Amino acid sequence: MTMYTTLKKLLPQTPSVSGREHGIREVLKELMAPLCDEITVDAMGNLICLKKGSAAAPAKVMLAAHMDEIGFIVNFIDDNGFLRVAPIGGISYTAAAFCPVEFENGTRGVLAVDADKKAGDVLRPEHCYVDIGARSRAAAEKKVKIGDCCALLPSITRLQGGRVAGRPLDDRAGCAVLVEIARRMAAPADDIYYVFSVQEEVGCRGARPAAYSIAPDLALIFDVTATGDVPSAKPMAVKLGAGVAIKIKDSSVICHTELVEELIEAARAEKIAAQCEILTFGGTDTSAVQMTGFGCRAGALSIPCRYIHTGSEMIDLADLEAAVALAVAYLKGEKK
Ligand code: CO
Ligand code: ZN
């Protein structure tokens, strides 16, 4: 199975907005079942898949990617059947305005903007509503109730040069990388815990208890990161297609220094395309995992991604391959 096929299997699915990840969790469970020894779902909903190691005293390695996505939750239905929604996660209303959305039960609508808003106005959540085409409140309530979640329509399109656009590549790209690592690590020396975490988009909430229960010796987090290679981008050294991004720092974590050096060295030795990442805004599960329990040696292998949190996120398949290759090379050669 190619990386693209794996990614495609994880997208599109029913919306799996933070706190309601069961749709994607079932798909991942099925993909991971033949690749590991034990599968558990913890109280928060994290999917934890253990592949046991062959070493006499195996170390515990946690590899994690989040399976939730950003979206909207219905908090009010007006007399005309329009739905007011609150954001779940870091929504850009500029990106979301007038995009189609889908609810878990398949109901579709459009995220519309109040008619008195003009081009250039800063859009706030209260300026937006979802129009599902209902003619009245009663008609709307037949399809949707308070607390239901929707997300921008999932999609995946192949572009030139091995690039792919769609959503939510944040972080199904990371989930696909984890599945692929599991396929290539059929007989690991160490115990490997593949963690598909919940509620990352609302503040890295799921990875923390998962890390607490595992108490890993080493953790690698796989998530997307921004790039500096589009018009008017903030200066940033990461480029799409230049390889897996070894995270040095983001605004919530400073990755374990020696681990970062070992990853850079492994990429150099194995001739795997890699670049160094410093993200001056945003964070990932890495910080939550690093600071849980007595703390652990944590790092992140990021997937460069343009247009994060829009309906058309963009990645390069070669970067995904490089993320898998570097993780496998490092885990096989790691000195403990
Ligand atoms: Co995100
Ligand atoms: Zn993410």
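Begin by selecting Asp-170 together with the two metal ions, and you will find that Asp-170 bridges the cobalt ion (ligand 1) and the zinc ion (ligand 2), which lie 3.3 Å apart. Keep in mind throughout the tour that this is a predicted model.

**First stop: the cobalt ion**

Stay on the cobalt ion (ligand 1) and show the residues around it: its protein donors are Asp-170 (OD), Glu-201 (OE), Glu-201 (OE) and His-309 (NE2), lying 1.8 to 2.5 Å from the ion. Because the 4 donor atoms subtend angles of 56 to 153° around the cobalt ion (ligand 1), the arrangement is irregular. If you follow these donors along the chain, you will see that their spacing is D-x30-E-x107-H.

Now colour by secondary structure and select Glu-201, which sits in the loop between strand S12 (191–197) and helix H6 (207–214), and then His-309, which sits in the loop between strand S17 (297–304) and strand S18 (313–316). This pair, 108 residues apart, links distant parts of the chain. With a surface switched on, are Glu-201 and His-309 buried or exposed? Both Glu-201 and His-309 are buried.

**Second stop: the zinc ion**

Move next to the zinc ion (ligand 2), which is coordinated by His-66 (NE2), Asp-170 (OD), Asp-223 (OD) and Asp-223 (OD), at 1.9 to 2.6 Å. Here the 4 donor atoms subtend angles of 52 to 148°, and therefore the arrangement around the zinc ion (ligand 2) is irregular. Along the sequence, the donor residues of the zinc ion (ligand 2) follow the spacing H-x103-D-x52-D.

Select His-66 in strand S3 (residues 60–66) and Asp-223 in strand S13 (residues 218–225), so that you can see how the pair ties together parts that are 157 residues apart in sequence. His-66 has a relative accessible area of 1%, so His-66 counts as buried, and Asp-223, with a relative accessible area of 5%, is buried as well.

**Last stop: the cysteines**

To finish, leave the metal ions and select the cysteines: how many disulfides are there? The count comes to 0 disulfides, where a pair of cysteine sulfur atoms would have to be within 2.5 Å to be counted. Cys-128 is in no disulfide, and the nearest cysteine sulfur, that of Cys-99, is 11 Å away. Cys-255 is likewise in no disulfide, and the nearest cysteine sulfur to Cys-255, that of Cys-296, is 11 Å away. With the surface still on, you can check that Cys-128 is buried, at 0% relative accessibility, and that Cys-255 is buried, with a relative accessible area of 3%.

Notes. Residues numbered from 1 in each chain as written. Chains lettered and ligands numbered in written order. Predicted model: local features only at pLDDT ≥ 70, side-chain atom pairs only at ≥ 80, totals over all residues. Heavy atoms only, no water. Buried < 20%, exposed > 50% of the residue type's maximum accessible area, 1.4 Å probe, protein only. Donors = N, O, S within 2.8 Å, 3.2 Å for Na, K, Ca; no water. Tetrahedral: all angles 85-135°; square planar, octahedral: opposite > 155°, others 65-115°. Helix = DSSP H or I, 4+ residues; strand = E, 2+ residues; numbered from the N terminus.
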